[in-house]
Amino acid sequence: MSKLTLSTAWQALSAHYTAIEPLHMRQLFADDPSRFDKFSVKSGDLLFDYSKNRITEKTRKLLVALAEQADVPGFIERQFSGDKINNTEQRAVLHTALRNRSDRPVFVDGIDVMPDVRRVLGLMRKFSEAVRSGSHVGHTGRAITDIVNIGIGGSDLGPLMVCEALKSYAAPALRAHFVSNVDATQLTETLKKLDAETTLFIVSSKTFTTQETLTNARSARAWLVERLGSDVAVAKHFAAVSTNLKATAAFGINPDNVFEFWDWVGGRYSLWSAIGLPIALFVGMDKFEELLAGAYAMDEHFRTAPLDQNIPVLMGMLGIWYGNFFGASSNAVLPYDQYLHRFPAYLQQLDMESNGKGVDRDGSSVDYDTGMAVWGEAGTNGQHAFYQLIHQGTRMIPADFLAPVHSQNPTGEHHAILLANCFAQTEALMIGKTSDEARAELVAQGLPSEKLEALLPHKVFPGNKPTNTLLFDRLDPHTLGMLIALYEQKVFVQGIVWNINSFDQWGVELGKQLASRILPELLDDAVKLPHDQSTRSLIDYYRQQR
């Protein structure tokens with residue numbers, strides 16, 4: 001057994017689990033009329049209700065003890081102070097500096113990074129205002145109407161999710177598009193809708209070498225040049241987020257339209273940097289800075305709140321409670337706001353790329369589960385798709401419900417119906433329906449005894465399914481910033497407790513390496529490299545069929 005699983009705090013939770021596992025939340029609520037007050041926290045206009053969890057006050061105390069044993073408070077301080085807690089790459093982890101709205105300096109290797117952060121924000125403001133005002137025009141003198149972000153992973157998922165979430169704040173004259181997949185279909189279908197004279201491309205690649213991104217960028221460049229008749233047009237219609245100025249210049253991008261970010265910003269944490277340029281263009285720099293301010297507000301809560309009142313810490317520790325002690329393997333994220341329909345997909349990368357690790361910070365294999373599969377869909381759509389599994393399936397699936405008190409689009413009773421469904425689902429997952437309750441309903445319907453007994457088992461809901469509910473006033477840039485930062489810090493807490501590095505992603509490298517070997521074989525039949533029999537046969541089949 002590992003040091004973690006043998007530790008005092010872990011062993012105490014293991015013993016406590018045997019006492020908690022048979023308890024039903026129905027009884028926990030019946031025994032404590034003040035349960036909601038004890039198990040809810042408010043930060044700004046964000047309410048976190050975690051009362052519908054299989055916990056008692058003792059559980060919370062033991063979970064906090066585990067966080068303290070792992071030195072979560074110390075690691076929080078180390079993160080914000082610029083220590084190189086990404087130990088495998090020897091890098092600081094300072095996406096928090098990008099949204100630092102205070103006068104506090106943030107040092108990396110003895111240098112305050114905040115002047116550089118503010119300088120790039122100023123450049124983003126200048127460029128975005130020029131495009132939005134129409135003073136930056138295309139090659140033929142027409143104003144920009146469409147922005148196409150070309151990136152992948154964190155250079156796509158974050159900006160895409162935020163632009164979708166803040167669509168109601170966008171400039172009517174601008175449309176945002178996102179191309180990430182190297183499958184030419186995505187680029188082709190996007191370009192079909194566009195006019196080259198009024199389209200601006202943003203190529204987001206730190207090194208300007210990412211295969212998928214550069215393949216799409218080169219094809220987009222060829223499309224533009226063919227329609228506008230000149231390579232010179234590239235300078236007016238392309239911008240880049242990169243540190244490789246030589247490569248961006250060779251591509252034809254004006255150096256004034258290249259925006260940098262730093263190696264202490266991980267890709268999946270980068271929307272707060274110049275990677276967020278599409279957001280600034282789409283909703284304006286003022287709204288982008290409100291997004292930063294919301295994330296900063298959550299960071300301050302995370303830095304200063306006691307662990308037992310700290311929303312990211314509580315969410316992180318509840319995930320460990322269910323993943324490591326109840327054996328849950330996935331977490332559903334269910335936003336009851338259509339604008340957040342891409343939020344679960346964004347969180348998939350954030351959580352699964354960060355904490356999908358099988359070795360600890362020292363390189364030793366772990367003997368406990370890390371990470372969960374994250375998935376979800378906007379309510380109420382999910383209710384008519386996969387909620388059946390959560391309600392009556394054999395697997396425990398902890399779920400987060402997110403909902404605004406006020407709709408961006410108040411129309412009749414729509415929002416009341418939406419929230420009624422949200423609250424009803426968390427209640428149903430908690431209380432379930434007993435055999436006696438189901439029987440009484442069927443008797444009231446007048447079912448004959450034989451049919452009643454046959455149908456009865458199918459009408460029983462076990463309940464006792466854990467959920468968190470996050471309520472906020474409305475989905476504005478500030479609130480969205482808080483929500484994103486909340487989940488970032490939740491993931492951070494779990495990584496510290498599991499003693500893994502949440503900020504590298506070596507697991508994505510092997511597939512890239514092998515793809516680079518296979519590509520020449522697909523392009524030239526004379527090239528032959530050693531492969532397993534299955535892969536070799538697939539390559540041969542492709543060659544025969546093409």
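At 5% relative accessibility, T96 counts as buried, and this residue makes a good starting point for a walk through the predicted model. T96 sits in helix α7, which covers residues 95-98. Setting aside residues up to four places away in sequence, T96 touches Q79, F80, D299 and Q489. Several of these names come back in the next section.

## Where α6 meets α15

Two packed helices are described by the angle between their axes and the distance between the axes. Helix α6 (residues 72-81) and helix α15 (residues 285-304) pack at an angle of about 140 degrees, and their axes lie 9 Å apart. The pair therefore counts as oblique. On the α6 side the contact is made by I76, Q79 and F80, and on the α15 side by D299, F302 and R303. Sorted by class, the residues of this contact are three nonpolar, one polar and two charged. T96 joins in here too, since Q79, F80 and D299 are among its contacts.

Helix α15 also holds Y296. Is Y296 buried or exposed? Its relative accessibility is 17%, and because buried means under 20%, Y296 counts as buried. Beyond its neighbours within four places in sequence, Y296 is in contact with R99, N100, R101, S102 and R104. For a sense of scale, the C-alpha atoms of Y296 and K192 are separated by 39 Å, with their positions 104 residues apart along the chain.

## Two buried residues around α22

Now for helix α22, which spans residues 477-498. M482 lies in this helix and is buried, with a relative accessible area of 3%. Which residues does M482 contact, leaving aside its neighbours within four places in sequence? They are S43, L46, G294, A295 and M298. M482 and T188 are 294 residues apart along the chain, and their C-alpha atoms are separated by 35 Å.

Following the chain onward, S502 is found in the loop between α22 and α23, the latter covering residues 509-523. S502 has 2% relative accessibility and so counts as buried. Apart from its neighbours within four places in sequence, S502 is in contact with R268, Y269, S354, N355, K357, V491 and G495.

## The open space: the largest pocket

Rolling a probe the size of a water molecule over the atoms shows where empty space is left. The largest pocket holds about 1100 Å³ of space. Its lining is made of 40 residues, and those nearest the centre of the pocket are T210, G267, Q505, E509 and K512. Which elements give two or more residues to this lining? They are α9 (154-165), α11 (211-228), α17 (343-355) and α23. By class, the lining of the largest pocket has 12 nonpolar, 18 polar and 10 charged residues.

## The enclosed space: cavities

How many cavities of 30 Å³ or more does the model contain? The count comes to four. The table sets out the volumes of the largest and the second largest.

| Cavity | Volume |
|---|---|
| Largest cavity | about 160 Å³ |
| Second largest cavity | about 60 Å³ |

The largest cavity is lined by 19 residues, with M315, G319, N331, M372 and K490 nearest its centre. At least two lining residues come from each of α16 (311-325), β12 (399-404), β13 (467-472) and α22. Helix α16 gives the most, with five residues. By class, this lining has nine nonpolar, seven polar and three charged residues.

The second largest cavity is lined by Y50, I55, R60, L63, V64, V313, L314, M317 and L318. Two elements, α5 (57-69) and α16, give two or more residues to it. Here too α16 gives the most, with four residues. Eight of these lining residues are nonpolar, none is polar and one is charged.

## Pulling it together

Helix α16 gives the most to the lining of the largest cavity and also gives the most to the lining of the second largest cavity. Helix α22 supplies at least two residues of the lining of the largest cavity, and this helix is where M482 lies. Helix α15 packs with α6 and carries Y296. Helix α23, which follows the loop holding S502, gives two or more residues to the lining of the largest pocket.

Definitions and conventions:
Residues are numbered from 1 along each chain as its sequence is written. This is a predicted model: local features need pLDDT of at least 70, side-chain atom pairs count only at pLDDT 80 or more; totals for chains, interfaces and linings use all residues. Side-chain values use heavy atoms; hydrogens and water are left out. Buried means under 20% relative accessible area, exposed over 50%, partly exposed in between (1.4 Å probe, protein chains only). Contact means heavy atoms within 4.5 Å. Axes are lines fitted to C-alpha atoms, for helices over the stretch in contact, and angles run from 0 to 180 degrees between N-to-C directions. Angles under 35 degrees count as roughly parallel, over 145 as roughly antiparallel, 65 to 115 as roughly perpendicular and the rest as oblique. Ala, Val, Leu, Ile, Met, Phe, Trp, Tyr, Cys and Pro count as nonpolar, Asp, Glu, Lys and Arg as charged, and the others, Gly among them, as polar. On a 1 Å grid over the protein atoms alone, a cavity is a set of points where a 1.4 Å probe fits but cannot get out, and a pocket is an open set with protein on both sides within 12 Å along at least five of seven lines; lining residues have an atom within 4 Å of a point. Grid points are joined across faces, edges and corners, and a volume is the space filled by probe spheres set on the points.
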